[in-house]
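Colleague: I'm new to this one, could you walk me through it?
Modeller: Gladly, let's put it up and go through it topic by topic.

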Amino acid sequence: MKILQISDLHLAPGNQDMHGVNPSDRLTQCVEDIRQNHADAELCVITGDLAHKGEIGAYEILREILADLPLPYHLLVGNHDDRKKLLSVFPNTAVDPNGFIQSVVDLEIGRLIFIDTVEIGEKFGGFCAQRAEWLETQLKDSAGRPVYLFLHHPPFDVGIPYMDGMRMLRGEDLLAEIVAPFANIRHMFLGHLHRPIAGSWNGIPFSVFRGTAHQVALRMVETAHLVRSHEPPAYGVILIEPNATIVHFHDFLDDSAFVAQADIDRHH
Ligand SMILES: [Fe+2]
């Protein structure tokens with residue numbers, strides 16, 4: 001089964017540029033690549049920072065661009081998003097009983113759980129007792145079937161001090177405690193970092209992709225400001241099988257693929 005992950009779109013109203021790139025053009029190119037190459041995916045998960053400043057106009061652009069996506073999509077919130085404004089433009093977005101934008105999708109291969117890590121007014125992320133109770137219920141209800149978690153903020157440091165200062169800083173121990181008893185959690189898909197990163201946290205494998213607009217530079221020293229970069233944008237192509245999770249980091253603007261002349265000659 002194939003699913004896709006897009007992250008950190010940072011759209012602005014009026015198709016404004018952001019940090020030297022145009023986020024809506026980039027997302028349009030991303031959707032076009034999906035249409036050409038991965039229209040057979042089951043679902044596309046968009047892991048937060050949909051809008052740069054949470055404006056309604058940005059969510060309207062998002063709705064317009066996603067209308068061309070040839071598969072169902074699922075939206076998560078990031079620290080740059082505004083839950084109310086997002087819901088006003090996407091009223092069908094699933095919300096839990098406490099108003100958090102988190103939900104579950106059961107697929108043949110297992111259960112996808114989308115977690116809301118936003119702390120209103122903060123860049124860093126959080127996880128609280130209400131969210132913990134909800135997540136625990138969803139994990140228990142999974143009844144041992146494979147579970148895949150999706151959340152915007154990483155609950156751990158990645159060695160980039162500026163980003164580590166705005167990771168999930170509230171409730172990460174609570175999250176660790178809630179997930180610990182569940183050996184059926186197969187993978188954690190994150191956003192926020194605007195970088196290709198993979199590894200594991202408390203034994204759970206995780207992956208992060210670049211955003212579709214600007215990126216974060218690999219600066220493993222203290223910096224006064226966030227150092228951004230224009231590394232290529234990417235999205236994730238994820239293959240899930242009962243015994244394997246395969247994560248491809250797809251630089252969708254790269255057009256350098258080629259077949260060697262020697263290979264062509266050999267076949268003629
Ligand atoms: Fe972001």
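Modeller: One term first: helices (H or I, at least four residues) and strands (E, at least two) are DSSP runs, numbered from the N terminus. Please also keep in mind that this is a predicted model.

Colleague: Okay, with that in hand, where is serine 142?
Modeller: Serine 142 sits in the loop between helix H4 (129-141) and strand S7 (147-151).

Colleague: And why does serine 142 count as buried?
Modeller: Buried means under 20% relative accessible area, and serine 142 counts as buried because its relative accessibility is 3%.

Colleague: What separates the C-alpha atoms of serine 142 and cysteine 30?
Modeller: Those two C-alpha atoms are separated by 32 Å, and serine 142 and cysteine 30 are 112 residues apart along the chain.

Colleague: Switching to the metal, which residues are the protein donors of the iron ion?
Modeller: The protein donors are Asp8 through OD, His10 through NE2, Asp49 through OD and His194 through NE2, and they lie 2.1 to 2.3 Å from the iron ion. In sequence these donor residues follow the spacing D-x1-H-x38-D-x144-H.

Colleague: Where do histidine 10 and aspartate 49 lie in the chain?
Modeller: Histidine 10 is in the loop between strand S1 (2-6) and helix H1 (23-37), while aspartate 49 is in the loop between strand S2 (43-47) and helix H2 (56-66), so that the pair, 39 residues apart, links distant parts of the chain.

Colleague: Are those two buried or exposed?
Modeller: Histidine 10 is buried, and aspartate 49 is buried too.

Colleague: What about the site of the iron ion, what are the angles among its donor atoms?
Modeller: The angles among the four donor atoms run from 88 to 178°, and the site of the iron ion is irregular.

Colleague: New topic, pockets. How much space lies in the largest pocket?
Modeller: The largest pocket holds about 260 Å³ of space. It is lined by 15 residues, and the closest to its centre are Asp81, Asp82, Arg83, Val118 and Ile120. By class, the lining of the largest pocket comprises seven charged, five polar and three nonpolar residues.

Colleague: And the second largest pocket, which residues lie nearest its centre?
Modeller: Nearest the centre of the second largest pocket are His10, His80, Met166, Leu226 and Arg228, out of 16 lining residues, and the volume of this pocket is about 200 Å³. Its lining divides into five nonpolar, seven polar and four charged residues. His10 also appears among the donors of the iron ion.

Colleague: What lines the largest cavity?
Modeller: The lining of the largest cavity is made up of Ile160, Tyr162, Val216, Ala217, Arg219, Thr223, Leu226 and Val227. By class there are six nonpolar residues, one polar and one charged, and the volume of this cavity is about 40 Å³.

Colleague: Back to single residues, where is glutamate 119?
Modeller: Glutamate 119 lies in the loop between strand S5 (110-115) and strand S6 (125-126). It is buried, with a relative accessible area of 12%, and its side chain makes a polar contact of 2.6 Å with the side chain of arginine 131.

Colleague: Last one, is isoleucine 101 buried or exposed?
Modeller: Isoleucine 101 is buried, with a relative accessible area of 2%, and its place is in the loop between helix H3 (83-89) and strand S4 (103-107). Its C-alpha atom is separated by 7.5 Å from that of arginine 83, and the two residues are 18 residues apart along the chain.

Methods:
Residues are numbered from 1 along each chain as its sequence is written. This is a predicted model: local features need pLDDT of at least 70, side-chain atom pairs count only at pLDDT 80 or more; totals for chains, interfaces and linings use all residues. Side-chain values use heavy atoms; hydrogens and water are left out. On a 1 Å grid over the protein atoms alone, a cavity is a set of points where a 1.4 Å probe fits but cannot get out, and a pocket is an open set with protein on both sides within 12 Å along at least five of seven lines; lining residues have an atom within 4 Å of a point. Grid points are joined across faces, edges and corners, and a volume is the space filled by probe spheres set on the points. Ala, Val, Leu, Ile, Met, Phe, Trp, Tyr, Cys and Pro count as nonpolar, Asp, Glu, Lys and Arg as charged, and the others, Gly among them, as polar. Donors are N, O and S atoms within 2.8 Å of the metal (3.2 Å for Na, K and Ca); water is not among the atoms, so sites may look incomplete. Four donors count as tetrahedral if all angles lie between 85 and 135 degrees; four count as square planar and six as octahedral if opposite donors are over 155 degrees apart and all others between 65 and 115; anything else is irregular. Buried means under 20% relative accessible area, exposed over 50%, partly exposed in between (1.4 Å probe, protein chains only). A polar contact is a pair of N or O atoms within 3.5 Å; within protein, one must be able to donate a hydrogen and the other to accept it, and residues adjacent in sequence count only if both atoms are side-chain atoms.
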